[in-house]
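User: I would like to learn how to read empty space and buried residues in a protein model. Please take me through one example.

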Amino acid sequence: MGAVGAESRVHDTGRRLPAPHAARGRHAGNRRCGSRQEPGGLPRMTPVAAIVAKELRSYFVSPIVYVVGAVFLLIFGVLSYLAVVNAGAQAVRLMQIQGAAAQLNLNDLVFRPTFYSIAIILLLILPLLTMRLFAEERKLRTFELLMTSPIGINEMVVGKFLGAYAIFLGLLGLSGIVPVILSFYSSFDWNPVLTGYLGLALLGALFLATGVLASALTENQIVAAFLSFGLLILVWLLGGVGSVLGDTPLGNILSYLSFIEHYDRFVRGLVDTKDLVYYSSGMLLMLFLAHRVVESQRWK
C-alpha cells in the first residue's frame with residue numbers, strides 16, 4: 001500500500017506539473033495584453049487622457065470652477081432675460097401702433113445681443129480657468145516631477161488645454177437650456193443660434209489656448225490671469241486700429257487678426273471657411289508657443 005500510495009502521489013505530482021506552465025502562459029498572455037489594459041481589466045489611459053483626468057479632478061476639488069460656472073450661467077441667464085423683456089416691450093409698442101400682434105425676430109432681438117455680450121464675459125472669466133494650469137505646478141514644486149515623467153510636452157500641453165476646454169464646453173452646454181426653454185413659447189430660426197454657439201466654442205478655444213500660454217510663462221496664477229486677459233484685449237483692439245486705418249493693406253491685416261470680426265459672422269448665422277481657419281490656426285499657434293515655453297524651461 002505504501003508503494004502504491006507513493007506511486008499515486010508521483011502520478012498526482014506529475015499531473016500537477018503542467019499547471020505552473022499554464023499559469024505562466026496565462027500570465028504571459030496577460031502581460032501581452034497589458035499594453036492595452038490595466039491589471040484590473042480596465043483600458044489603459046493614454047497620456048493625454050491621464051492629463052485630462054488629472055486636470056478635471058483638480059478643477060472639481062477647487063472652488064474656481066464652481067465660481068466661474070455660477071457667474072457664467074448667472075450672467076448668461078440675466079442677459080437672456082433682459083433681452084426677452086426688451087423684445088416683449090417692443091412687441092407691445094408695435095401692437096399699440098399697428099393694432100395687431102407684432103411679428104418679432106427673436107434672433108435679432110434676443111440671441112444676437114446675448115452672444116455679443118457673452119463674448120466679453122468670456123474674455124474676463126476664461127483666464128481664471130487657465131491661470132493655474134502650469135503656474136500651480138511650479139508653485140507646488142511638481143513641475144520638475146512632471147518634466148521628468150515619461151509624458152511628452154505635446155501631450156502635457158494638449159491634455160491641460162483639453163481639460164479646461166471640457167469644463168468650458170460643459171458650461172456652454174448648460175447655457176443651451178435658455179434657447180430650449182424659449183422654443184416652447186415662441187418660434188425662431190435655430191440656425192443662427194447653432195452657429196452662434198459654434199462661434200462661442202471656437203472663441204473659447206482660442207481664449208483658453210492663450211491662457212495656457214500665459215500660465216506657462218509664469219508661476220504666479222494672478223499674473224497668468226492678467227497676462228492672458230491683456231493678450232486677449234490687445235488682439236481685440238487690433239480690430240479697432242484696423243478700422244481707424246480703413247481700407248489699407250495694414251488696416252485689412254489688423255482687422256483680420258482681431259477675433260471679433262470673425263465671431264460676428266458666426267453670430268449672424270454665417271459659417272465661413274476663413275473664420276474656421278482663423279480660430280484653428282490661432283489656437284494651434286498659442287499651443288505651439290506654450291509648448292516652446294515649457295520645453296525651454298526643461299533645460300534650465
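User: Which classes of residue make up the lining of the largest cavity, and how many fall in each?

Analyst: Rolling a probe the size of a water molecule over the atoms shows where empty space is left. In this predicted model, the lining of the largest cavity has 6 nonpolar and 2 polar residues, and no charged ones. The residues in question are Phe-76, Ser-80, Val-110, Phe-111, Thr-114, Phe-115, Val-178 and Pro-179. The volume of the largest cavity is about 40 Å³. The count of cavities of 30 Å³ or more is 1.

User: Which helices supply at least two residues each to the lining of the largest cavity?

Analyst: Three names answer that: helix H4 (63-98), helix H5 (106-130) and helix H9 (177-183). H5 gives the most, with 4 residues.

User: What is the volume of the largest pocket?

Analyst: The largest pocket holds about 280 Å³ of space. It is lined by 15 residues, and those closest to its centre are Leu-206, Val-235, Leu-257, Tyr-278 and Met-286. By class, the lining of the largest pocket has 12 nonpolar residues, 3 polar and no charged.

User: Which helices each supply at least two residues of the lining of the largest pocket?

Analyst: They are helix H10 (190-217), helix H11 (221-245), helix H12 (249-257) and helix H14 (273-298). H14 has the largest share of that lining, at 5 residues.

User: Met-286 was named in the pocket. Why does Met-286 count as buried?

Analyst: The cut-off for buried is under 20% relative accessible area. Met-286 has 17% relative accessibility, so it counts as buried. Met-286 is part of helix H14. Leaving out residues up to four places away in sequence, Met-286 touches Ala-209, Thr-210 and Leu-213. A distance can also be read between C-alpha atoms: those of Met-286 and Val-212 are separated by 7.8 Å, with the two residues 74 apart along the chain.

User: Where is Tyr-279, and which residues does Tyr-279 touch beyond four places in sequence?

Analyst: Tyr-279 is also placed in helix H14. Tyr-279 counts as buried because its relative accessibility is 2%. Beyond four places in sequence, Tyr-279 touches Leu-202, Leu-203, Leu-206, Phe-259, His-262, Tyr-263 and Phe-266. For one of these, Leu-202, the C-alpha atom is 6.1 Å from that of Tyr-279, while 77 residues separate the two along the chain.

User: Which residues are buried in helix H13?

Analyst: Helix H13 spans residues 259-267, and its buried residues are Phe-259, His-262, Tyr-263, Arg-265, Phe-266 and Val-267. Among these, Phe-259, His-262, Tyr-263 and Phe-266 are touched by Tyr-279. Just after H13 comes Gly-269, with a positive phi of about 90°.

User: Let us try a proline. Is Pro-127 buried or exposed?

Analyst: Pro-127 has a relative accessible area of 3%, so it is buried. Pro-127 belongs to helix H5, the helix that gives the most residues to the lining of the largest cavity. Setting aside neighbours within four places in sequence, Pro-127 contacts Leu-122, Ala-225, Ser-228, Phe-229 and Leu-232. Pro-127 and Gly-211 are 84 residues apart in sequence, yet 5.5 Å apart in space from C-alpha to C-alpha.

User: How many helices and strands does the protein have, and what percentage of its residues count as buried?

Analyst: The protein has 14 helices and 0 strands. Its pattern along the sequence is therefore written with α alone, as α-α-α-α-α-α-α-α-α-α-α-α-α-α. Among its 300 residues, 39% count as buried. Of the contacts with a separation of 6 or more, 72% join residues 24 or more positions apart. The accessible surface comes to about 16,800 Å², and 68% of that belongs to carbon and sulfur atoms.

User: Where does pLDDT stay under 50?

Analyst: Where pLDDT is low, the predicted coordinates should not be read in detail. Here pLDDT stays under 50 over residues 1-36, and the model gives that stretch 5 contacts beyond four places in sequence. For the protein as a whole, the mean pLDDT is 81, and 83% of the residues reach 70 or more.

How values were computed:
Residues numbered from 1 in each chain as written. Predicted model: local features only at pLDDT ≥ 70, side-chain atom pairs only at ≥ 80, totals over all residues. Heavy atoms only, no water. 1 Å grid on protein atoms, 1.4 Å probe; cavity = no way out; pocket = protein on both sides within 12 Å on 5 of 7 lines; lining within 4 Å. Points joined across faces, edges and corners; volume = space filled by probe spheres on them. Nonpolar A, V, L, I, M, F, W, Y, C, P; charged D, E, K, R; others polar. Buried < 20%, exposed > 50% of the residue type's maximum accessible area, 1.4 Å probe, protein only. Contact = heavy atoms within 4.5 Å. Areas by Shrake-Rupley, 256 points an atom, 1.4 Å probe, with all protein chains shown as cover. pLDDT = per-residue confidence, 0-100.
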